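Me: Please go through the side-chain pairs and the helix packing of the structure shown here, with the reasoning spelled out.

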Amino acid sequence: MSFLAPVGRVLIRFLVATGRLVVFALTAVSHCLRPPLYGGLIGRQIIQIGYFSLPVVGLTAIFTGMVLALQSYTGFARFNAESAIAGVVVLSMTRELGPVLVGLMVAGRVGAAIAAEVGTMRVTEQIDALTTLSTNPYKYLIAPRLIAGVVTLPILVVVADVIGVFGGYLVSVYSLDFNAANYLKLTWGFLEPFDAISGIAKAAVFGFLVTLMGCYHGFHSRGGARGVGTAATNAVVSASILILASNYIITTAFFAA
């Protein structure tokens, strides 16, 4: 039975890491819900996570909307269903592509930055210094980032949805010779409030996951500069995987019926 030992070791390590992550998440959430909260730090993180992510989010959204319109036209033209392009673009952006792409882009930009920043503070013993000065590191470092992530990701997704739909509009009207008024009418006709609400709900979850994984891997980083780099990499990978997995779970909960 010795061949089972490596499998058991991997399973035990996975369970230990999962338990440590759950405890970390519950502790961080509890500090987010209890005063005091550092409003200045939350505002700074909102700017760092939200405002400085607008360029990459905008570029991703507009090119996604443009490509989506082109690909939809290529497929629907075979069935004389070109009028459905507006609906496909707006529903795809609001339900799936907007939240998922924004979550992945922010995970790459913000998740790694958070892990590197918090990890540097860990390996240089700045977090230990905060504890020595009677400052709770969860209150000072973790809670502002989690709150900022949950607040800013839905706003970024709304911006991405608008820009993505506008990209589809540009291609459809100026490249595929659609009537502008009819395209906008079809877009509004297909869009329902629940579609936008589901995307915003996903964005809030993705924002929590991105900031949580950045904080978690940075908070538990070890081994100097190499450990900080590993923490940043692990933060991006784990956040991306959790975004895709939770996207399926949330989509099933919203639209399975």
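Reply: A residue is buried under 20% relative accessible area, exposed over 50%, and partly exposed in between. The model is a predicted one.

Me: Is E117 buried, exposed or partly exposed?
Reply: The relative accessible area of E117 is 40%. Partly exposed covers the range between the 20% and 50% cut-offs. E117 is therefore partly exposed.

Me: Which residue meets E117 in a salt bridge?
Reply: The N to O distance in this salt bridge is 3.0 Å. E117 is in helix α4 and its partner in helix α6 (residues 137-174), so the pair ties together parts 28 residues apart in sequence. The partner is buried, with a relative accessible area of 3%. The residue is R145.

Me: How far apart in sequence are the parts that E96 and K202 tie together?
Reply: E96 and K202 form a salt bridge, with the closest N and O atoms 2.5 Å apart. E96 belongs to helix α4 (residues 85-123) and K202 to helix α8, so the parts tied together are separated in sequence by 106 residues.

Me: Which counts as buried, E96 or K202?
Reply: E96 has 26% relative accessibility, so E96 counts as partly exposed. K202 has a relative accessible area of 0%. The cut-off for buried is under 20%, so the buried residue is K202.

Me: Which residue meets D128 in a salt bridge?
Reply: The N to O distance is 3.3 Å. D128 is partly exposed at 38% relative accessible area, while its partner is buried at 14%. That partner is R122.

Me: How many salt bridges does a search of the whole structure find?
Reply: Among them are E96 with K202, R145 with E117 and D128 with R122. The total is 4.

Me: Is α1 roughly parallel or roughly perpendicular to α8?
Reply: The axes of α1 and α8 (residues 193-219) are 11 Å apart, at an angle of about 115 degrees. Angles of 65 to 115 degrees count as roughly perpendicular. α1 is therefore, relative to α8, roughly perpendicular.

Me: How many nonpolar residues has the contact of α1 with α8?
Reply: α1 contributes A17, R20, L21, F24, A25 and V29, and α8 contributes F208, L212, M213, C215, Y216 and F219. The contact has no polar and 1 charged residues. The nonpolar count is 11.

Me: Is H31 buried or exposed?
Reply: H31 lies in helix α1 (residues 5-33). Beyond its neighbours within four places in sequence, H31 contacts L37, N136, Y138, K139 and A143. Its relative accessibility is 10%, so H31 counts as buried.

Note on methods:
Residues are numbered from 1 along each chain as its sequence is written. This is a predicted model: local features need pLDDT of at least 70, side-chain atom pairs count only at pLDDT 80 or more; totals for chains, interfaces and linings use all residues. Side-chain values use heavy atoms; hydrogens and water are left out. Helices (H or I, at least four residues) and strands (E, at least two) are DSSP runs, numbered from the N terminus. Buried means under 20% relative accessible area, exposed over 50%, partly exposed in between (1.4 Å probe, protein chains only). Contact means heavy atoms within 4.5 Å. Axes are lines fitted to C-alpha atoms, for helices over the stretch in contact, and angles run from 0 to 180 degrees between N-to-C directions. Angles under 35 degrees count as roughly parallel, over 145 as roughly antiparallel, 65 to 115 as roughly perpendicular and the rest as oblique. Ala, Val, Leu, Ile, Met, Phe, Trp, Tyr, Cys and Pro count as nonpolar, Asp, Glu, Lys and Arg as charged, and the others, Gly among them, as polar. A salt bridge is a side-chain nitrogen of Lys or Arg within 4 Å of a carboxyl oxygen of Asp or Glu.
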